[in-house]
Amino acid sequence: MEGTFFCIQYSAAKQFFVCHSAQIAIVMAHTNLPEKTKLENEKEPIPEEDAKPENAERREFMIKAGSVCLGGAVAIPPIAAGIAVLMDPLRRKQGDADFTRVTLLDALTEDGTPKKFTIYADKQDAWNKFPNTAIGAIYLCRKSDGKIDAFNVVCPHLGCAVVFRESERDYYCPCHNSAFDLETGTQAPDSPSARGLDSLEVKVENEGEVWVKFQNFQPGIADKKAIV
Amino acid sequence: MKALLGWLDRRTGYKKIVNEILFENIPGGPRWRYIWGSALTFCIFVQFATGIMLWMAYSPSSQTAWESVYFIQEEMNAGWLLRGIHHYAAQLMTVLLILHLMQVVIDKAYTAPREVNYWFGLGLLFLVMALSLTGYLLPWDQKGYWATKVATNMVAITPVIGESLQKIVIGGADYGHHTLTRFFALHAGVLPGLLILLIVAHIYLFRRHGIKAKKPFRRADTPFWPEQVFRDIVAALAVMAAILALVLWFGGAHLSAPADPAERYPARPDWYFMFLFQFLKYFKGEGVLWGGIYIPAFIVGLLFLMPFIGRWKQGHRFNLIFLYTLLGGFVYLTYIAYAKDAKDGEFQFAQEQARKDAERIRVLAKAPAGIPQGGATSLLRSDPYTQGPKIFADKCASCHAYGGMDGLGRELKEPPSAPDLKGVGSREWLAGFVDPDQIATAKYFGGTHFVDRDGGNQSRMVEYVMGLRDLSPRGQEELAKVVAAVSAQAELKSQKELDEADSDLIQEGSDLFWDGITGVDEACIDCHGWDGEESSESRTPDLTGWMSREYMIEFIKNPEHPRFYGSGNDRMPAYGEEGTLTVQQIGLVVDWLRGEWYEPVDELMP
């Protein structure tokens with residue numbers, strides 16, 4: 001069945017070529033146009049076989065179908081390759097976040113005033129590797145019970161950076177006015193943010209070194225979802 | 001010539017096209033109110049011409065984008081003018097597009113048979129907005145970086161596909177090289193391509209349906225050429241004059257400091273998106289979806305449906321009211337946003353800092369060392385003049401003052417409880433320190449436990465200085481010599497010439513350090529280390545190399561080191577040992593306190 005289809009296709013293509021090659025030759029011969037060309041009237045007589053209505057119809061259908069199929073097929077390689085490259089970022093994962101040494105326990109006062117720390121780590125940006133570069137910042141806050149809170153400074157609303165406001169004793173985002181509780185990081189009732197500040201895992205190791213698992217999270221949604 | 005044109009016409013039929021373009025009939029004659037389309041076409045021409053030239057000098061990557069734009073702006077022939085024209089023509093185009101849309105709706109030119117053309121027009125409006133948005137990021141400066149970050153975070157809140165869509169748009173999980181390459185491809189390739197297509201289609205349909213003539217006609221019909229063309233060209237002239245006026249008024253397009261993810265910046269979009277910025281503040285929680293996506297999409301949908309709504313009896317009136325409301329809302333929200341910012345002290349302060357950074361980076365980029373291979377971000381990051389006060393305000397100003405302020409020129413949140421460090425190391429600073437009237441003030445040891453120790457006792461140093469009150473004139477003179485000698489240890493840039501000139505006096509002062517001042521029982525050496533000799537007491541600082549760069553760095557790293565205060569330290573944290581500051585950060589704040597940063601040499605000096 002498939003073979004027959006290709007046979008028909010082949011004969012149709014052959015007919016097309018035979019039929020039009022004469023025209024092409026004429027066009028080529030007339031590149032140097034006289035003032036008034038009679039190109040329109042110089043068609044060769046149509047072969048008898050092609051003139052039969054059912055043959056002409058079938059041939060036309062095959063050519064149409066062939067054009068659509070081939071036209072679609074030839075466009076696939078460049079478009080597919082293009083889309084594959086365009087989608088490349090989806091394939092790249094950042095990998096699991098690691099704990100980073102941030103400071104010493106002694107640097108954190110126990111009065112509940114947060115301190116801001118820049119997080120340094122190796123960063124891969126497409127073709128470049130930036131060793132030990134600033135990749136983000138956190139607020140660390142040591143409570144009187146010894147517990148340490150760590151918050152990513154990125155506002156969970158739309159991704160600006162929050163600041164600690166001494167006057168209000170809260171965290172505040174200067175973009176769309178989200179405010180967050182100093183103790184818990186939860187958003188103030190009239191804040192546009194969908195969730196509280198993103199807390200990070202903290203551990204104290206090697207006699208008083210504060211280590212934080214630094215991660216960024218998807219802004220704008222109520223769920224805390226790590227960007228991977 | 002005629003024969004040649006005839007030859008060309010037989011092969012191309014250009015005469016017919018030119019005829020159609022130039023001699024299109026304008027019912028009722030030429031009018032000034034028909035100029036908007038041409039004015040916009042002119043703007044687009046300006047954007048293509050200037051955009052392609054900018055393209056020839058621009059390099060999209062996170063280490064070269066800002067740098068190449070800086071080079072265009074500051075170094076290349078008329079670069080500031082080219083960039084200025086491109087920037088302000090974009091702004092003007094937004095205004096003209098809105099006016100054009102208003103006119104089309106007011107004149108009811110969006111109804112049959114012109115619906116499709118109206119849609120093309122709307123499409124053009126959104127394309128121009130997309131061009132503005134993508135163009136805003138390309139200089140990779142703080143302003144564009146942070147504003148666009150908010151915009152692309154809004155992409156991420158799109159239900160279901162948001163996260164993946166955002167990754168595709170910004171080329172990864174975070175901003176970087178591929179964000180720029182993508183935005184540039186959109187800004188200079190995809191969007192202008194679509195723009196051309198839509199403009200050709202828009203003008204073709206406009207010609208097909210003819211102009212929507214305003215009645216009553218004042219004159220007989222005329223062809224497009226020359227009278228309407230003349231009016232259109234005058235309009236283009238006015239547009240160009242407006243663009244140039246804006247460029248000259250603002251001194252070209254602004255370029256803020258290079259994008260730095262670690263440096264806070266008050267993110268604000270350009271004026272035409274400020275309404276959306278303000279609008280987003282009103283939506284709580286996941287309502288941001290409504291403010292950022294659903295409502296804007298609904299408005300856009302309604303705009304597209306206007307031709308159909310206009311068919312109903314009151315439809316046109318509805319459309320007009322809707323459009324006026326939209327415009328009113330746009331103006332109102334924009335006004336509110338700016339008014340709030342004007343009153344927001346924190347924002348104004350942050351913006352002032354950003355302005356200073358933008359100014360400073362120009363100085364550094366023009367320095368003989370130039371912009372390093374890794375890009376200009378490192379210039380500001382390693383500049384004591386920029387970073388010193390920021391680190392000081394952040395880490396030191398909770399106890400120390402700098403000239404009574406927090407280093408960045410703000411009032412202190414609490415009265416200072418440790419010495420004011422402006423001019424630290426200088427003779428003037430030290431002379432104040434050994435002044436009995438000053439040592440116990442807030443400027444020096446007033447807030448420390450050296451003054452009020454263990455229930456009112458003073459430290460030995462404070463007692464010593466208090467004892468200098470009745471010093472003889474000779475003693476005063478000797479004290480000044482000791483001050484000069486100790487201060488010379490700092491090797492301050494600002495005192496270099498003075499120290500060199502006073503070398504004899506400094507030597508005398510050094511001797512007096514050992515021998516003591518006339519009329520005073522104790523000599524400095526009795527407590528402090530000097531000239532290589534270590535301190536005899538572990539709780540008093542060694543003054544060899546006092547306030548030199550190395551001394552200050554080591555001191556800030558750990559003031560409890562035996563070389564400094566040992567167990568006598570008041571509350572000063574060991575910033576280096578605790579890891580609160582890196583050695584580089586300590587170096588930056590020390591260099592700033594010592595007044596050592598790059599300053600351009602005045603070119604007028606011989």
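Where in chain B does B:Ser535 lie? I began my notebook with this residue, keeping in mind that I am reading a predicted model, and I found B:Ser535 in the loop between α21 (503–515) and α22 (549–557) of chain B.

**Entry 1: around B:Ser535**

I looked next at what the side chain of B:Ser535 reaches. A polar atom of that side chain lies 3.2 Å from the backbone oxygen of B:Thr540, and the side chain also reaches the backbone nitrogen of B:Asp542, at 3.3 Å. When I set aside the neighbours within four places in sequence, I listed B:Cys527, B:His528, B:Gly529, B:Thr540, B:Pro541 and B:Asp542 as the residues in contact with B:Ser535. Two residues of that list, B:Thr540 and B:Asp542, are thus the ones I had already met through their backbone atoms, the oxygen of B:Thr540 and the nitrogen of B:Asp542.

**Entry 2: cis peptide bonds in chain B**

I then looked up peptide bonds that precede a proline. The bond from B:Ala112 to B:Pro113 is cis, with omega near 5°, and I located B:Pro113 in the loop between α5 (79–106) and α6 (115–137) of chain B. The bond from B:Trp225 to B:Pro226 is also cis, with omega near 0°, but here I found the proline placed in a helix, α10 (residues 224–250) of chain B.

**Entry 3: where chain A meets chain B**

I turned to the interface and noted that 54 residues of chain A are in contact with 49 residues of chain B. The size of an interface is often given as the accessible area lost when the parts come together. For chain A and chain B I recorded a buried area of about 4200 Å², with 55% of it given by carbon and sulfur atoms. On the chain A side, A:Pro89, A:Leu158 and A:His176 lose the most area to chain B, and together they account for 14% of what that side buries.

How many salt bridges does the rule find across the interface of chain A and chain B? I found 1 salt bridge there, and in a separate look-up I saw the side chains of B:Glu163 and A:Lys225 meeting in a salt bridge at 2.5 Å, N to O. For polar contact, I counted 15 residue pairs between chain A and chain B, with both residues at pLDDT 80 or more.

I also asked which elements of chain A supply the side that touches chain B, and I wrote down α3 (53–86), α4 (88–91), β1 (99–104), β2 (115–125), β3 (128–142) and β5 (163–165), each of which gives at least two residues. The strand β2(A) gives the most, with 5 residues. By kind, the residues on this side of chain A divide into 29 nonpolar, 12 polar and 13 charged.

**Entry 4: the sheet β2-β3-β4 of chain A**

Since β2(A) and β3(A) had appeared at the interface, I followed them into their sheet, which is open, has 3 strands in the order β2-β3-β4 and pairs in the antiparallel sense. The edge strands are β2 and β4 (148–152) of chain A, each pairing on one side only, and the twist averages 35° from one strand to the next.

I counted 10 bridges joining β2(A) to β3(A), and between these strands A:Tyr120 stands opposite A:Ala134 in β3(A). In their hairpin, which has 2 residues between the strands, A:Ala126 takes a positive phi near 50°. I noted another positive phi at A:Asn132, near 45° and in a residue other than glycine, and this residue has its place in strand β3 of chain A. On the other side of the sheet, β3(A) and β4(A) pair over 5 bridges, with A:Ala150 in β4(A) as the bridge partner of A:Leu140.

**Entry 5: the sheet β1-β9-β8 of chain A**

Why is one side of β1 and of β8 (201–205) in chain A left without a neighbour in the sheet? I first noted an open sheet of 3 strands with the order β1-β9-β8 and antiparallel pairing. Each of β1 and β8 stands at an edge with a single partner strand, so one side of each has no neighbour in the sheet. The twist here averages 30° from one strand to the next. Finally, I recorded that β8(A) and β9 (residues 209–213) of chain A pair over 5 bridges in the antiparallel sense, and that A:Val202 has A:Val212 in β9(A) as its bridge partner.

Conventions. Residues numbered from 1 in each chain as written. Chains lettered and ligands numbered in written order. Predicted model: local features only at pLDDT ≥ 70, side-chain atom pairs only at ≥ 80, totals over all residues. Heavy atoms only, no water. Contact = heavy atoms within 4.5 Å. Buried area = accessible area lost by both parts, 1.4 Å probe. Salt bridge = Lys/Arg side-chain N within 4 Å of Asp/Glu carboxyl O. Polar contact = N/O pair within 3.5 Å; in protein donor to acceptor, adjacent residues only side chain to side chain. Helix = DSSP H or I, 4+ residues; strand = E, 2+ residues; numbered from the N terminus. Nonpolar A, V, L, I, M, F, W, Y, C, P; charged D, E, K, R; others polar. Pairing = 2+ DSSP bridges. Axes fitted to C-alpha atoms, helices over the stretch in contact; angles between N-to-C directions.
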